[in-house]
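The following exercises concern burial, overall dimensions and charge pairing. Each task is followed by a worked solution.

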There are 2 protein chains.
Amino acid sequence: MSLSLNQKTINRASLAEAVDACARAGIEAIGVWREPLADVGVERGAKLVRDAGLRVSSLCRGGFLTGDDRDAALDENRRAIDEAAALGTSTLVLVVGGLPPGSRDLAAARERVADGVAALAPYAAAAGVRLALEPMHPIYCADRGVLSTLDQALDLALRFPAAQVGVVVDTFHVWWDPRVEAAIARAGDRIAAYQVCDWILPLPPDALLARGLPGDGYIDFRTLGAAVARAGYRGDVEVEVFHADVWAAPFDQVVSEVVHRYAEHVAPTG
Amino acid sequence: MSLSLNQKTINRASLAEAVDACARAGIEAIGVWREPLADVGVERGAKLVRDAGLRVSSLCRGGFLTGDDRDAALDENRRAIDEAAALGTSTLVLVVGGLPPGSRDLAAARERVADGVAALAPYAAAAGVRLALEPMHPIYCADRGVLSTLDQALDLALRFPAAQVGVVVDTFHVWWDPRVEAAIARAGDRIAAYQVCDWILPLPPDALLARGLPGDGYIDFRTLGAAVARAGYRGDVEVEVFHADVWAAPFDQVVSEVVHRYAEHVAPTG
């Protein structure tokens, strides 16, 4: 396993700036987000990354499959699949979406996710891209992601061939789960991405920005990382931080801190 | 099932004021908190409730078993058990505690909970009180409750006789869980308390105060309530709201709204 910089960690950076920051820090992989990719254009973006010799560990993100306009959501996800293929990454992270407006029917929302994944999986397979279902911390269940545990995401993924649908293990989302180590073991080769950031307290006013640098909070990264390694995962480890102070800091300073924190708290030891 | 007012919903009220508000609204049961009980004294408090003809649906709360001073925590819980017995309730709600200061060892914190419950169960049994383990929403895992799912709380409860240790089903804490209905069915006669409040967004700056009146948020109370009824629960339904605006409002106005919301969103239909 080795460090990848998820672009979100330096949220203000353009793709070119993020690529340059990785190169300067000796980071070999990057997790790309669709918005900064769109800013530069998919072809130019893909060339930027390729010319820098970087691997793309994942594209973030597709998903949002629970809304009322199914066709529009599927179209948007097909575009995301195409972009992942253009970038040369086999992993498209899916944030599946929360309850539709006005609805309290969680079971129905979860069915929409299953339906959407089924509609997209063949298209993704044809493009050589794997849909990576990201279970989200229950704090986001209502408005962002109705897949709430790794077991639940895995149950859905297992309906499809392993090459078509996998899961994301993101420490922030799963660390509290009493079944997390068992679920990681069960996931095995379904683990399409491993992302790390910390659970911090107090929660900031915007709970989306509660995802701190490893070491700033409560998560035991070594234990989770060892479980991911035992499950057979050998891919990149994306540091993906959502935090106002981190986002406000100079890019190189953040990336340097990411390298340091990864070595200190995350990287496999011994 | 019938409505009980958990005292926390009118957080500024003294026990006497809460009892009077229940009487005026025709509510037959109350969930008492230890702090306002201590303000008036246990004996006088018990007499207040008894003289008003109210049932005490639960005493909130014991727990906090994960800290470094085990003996002090057990002593405090024995006092809480005595208070529950004095109030004539068989249910002491336990909020088990978060990670100890400076620790990231969630498994060890959970072991401390199991150890503490084992130490307290015989004492509770002798007093005719059942320890009611409350699984908490994962948003509170780090700082408040390391039991994170109903299944997990139930796994611990099942190590003890049913009369000694049960579980709390609180909609706020469990609504997101993909296994919640199965876990409620599995809980059966282990369900010692059923508490309702809503998950609201945006989360307020203090996430402790994110627990709204039923109907203000995203939770489907009918589905959860039906599962609790199918499991055989016939006890009181506590409306327990933590919300700054609710706490600031006049007591009778809040209690009247609670009665209305209970009928509209929570009470079994048909």
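**Exercise 1.** Is A:R55 buried, partly exposed or exposed, and at what relative accessibility? Describe its salt-bridge partner as well.

*Solution.* The coordinates belong to a predicted model.
Step 1. The class "partly exposed" covers values between the buried limit of 20% and the exposed limit of 50%. The relative accessibility of A:R55 is 37%, so A:R55 counts as partly exposed.
Step 2. The side chain of A:R55 forms a salt bridge with that of A:D236, with an N to O distance of 2.6 Å. A:R55 belongs to strand 3 (residues 55-63) of chain A and A:D236 to strand 10 (residues 236-239), so the bridge ties together parts that are 181 residues apart in sequence.
Step 3. A:D236 has 12% relative accessibility and therefore counts as buried.

**Exercise 2.** Determine which elements the salt bridge between A:E181 and A:R230 links, and classify both residues.

*Solution.*
Step 1. The N to O distance between the side chains of A:E181 and A:R230 is 3.6 Å. The pair links distant parts of the chain, 49 residues apart: A:E181 is in helix 8 (residues 180-187) of chain A and A:R230 in helix 9 (residues 221-230) of chain A.
Step 2. A:E181, at 38% relative accessibility, counts as partly exposed, whereas A:R230, at 61%, counts as exposed.

**Exercise 3.** Carry out the corresponding analysis for B:R186 and B:D155.

*Solution.*
Step 1. These side chains meet in a salt bridge at 2.7 Å, N to O. Because B:R186 lies in helix 8 (residues 180-187) of chain B and B:D155 in helix 6 (residues 150-157) of chain B, the pair ties together parts 31 residues apart in sequence.
Step 2. B:R186 is partly exposed, with a relative accessible area of 36%; B:D155 is partly exposed, with 44%.
Step 3. Elsewhere, salt bridges with shared partners join A:R34, A:E76, A:R79 and A:E83 into one network. Over all chains, the salt bridges number 36.

**Exercise 4.** Assess whether the dimensions of chain A agree with those of a compact globule, and summarise its composition.

*Solution.*
Step 1. For 270 residues, a compact globule would have a radius of gyration near 18 Å; the value for chain A is 17 Å, which agrees. The C-alpha trace spans about 45 × 40 × 35 Å along its principal axes.
Step 2. Chain A contains 11 helices and 10 strands, and 60% of its 270 residues count as buried.
Step 3. Among contacts in chain A with a separation of 6 or more, 79% are between residues 24 or more positions apart.
Step 4. Chain A carries 26 positive and 36 negative side chains, and the centres of the two sets are 3 Å apart.

Conventions. Residues are numbered from 1 along each chain as its sequence is written. Chains are lettered from A and ligands numbered from 1 in the order in which they are written. This is a predicted model: local features need pLDDT of at least 70, side-chain atom pairs count only at pLDDT 80 or more; totals for chains, interfaces and linings use all residues. Side-chain values use heavy atoms; hydrogens and water are left out. Helices (H or I, at least four residues) and strands (E, at least two) are DSSP runs, numbered from the N terminus. The radius of gyration is taken over C-alpha atoms; the globule rule is 2.2 Å times the number of residues to the power 0.38. Buried means under 20% relative accessible area, exposed over 50%, partly exposed in between (1.4 Å probe, protein chains only). Contact means heavy atoms within 4.5 Å. Lys and Arg count as positive and Asp and Glu as negative; His and the chain ends are not counted. The place of a charge is taken as NZ of Lys, CZ of Arg, CG of Asp or CD of Glu. A salt bridge is a side-chain nitrogen of Lys or Arg within 4 Å of a carboxyl oxygen of Asp or Glu.
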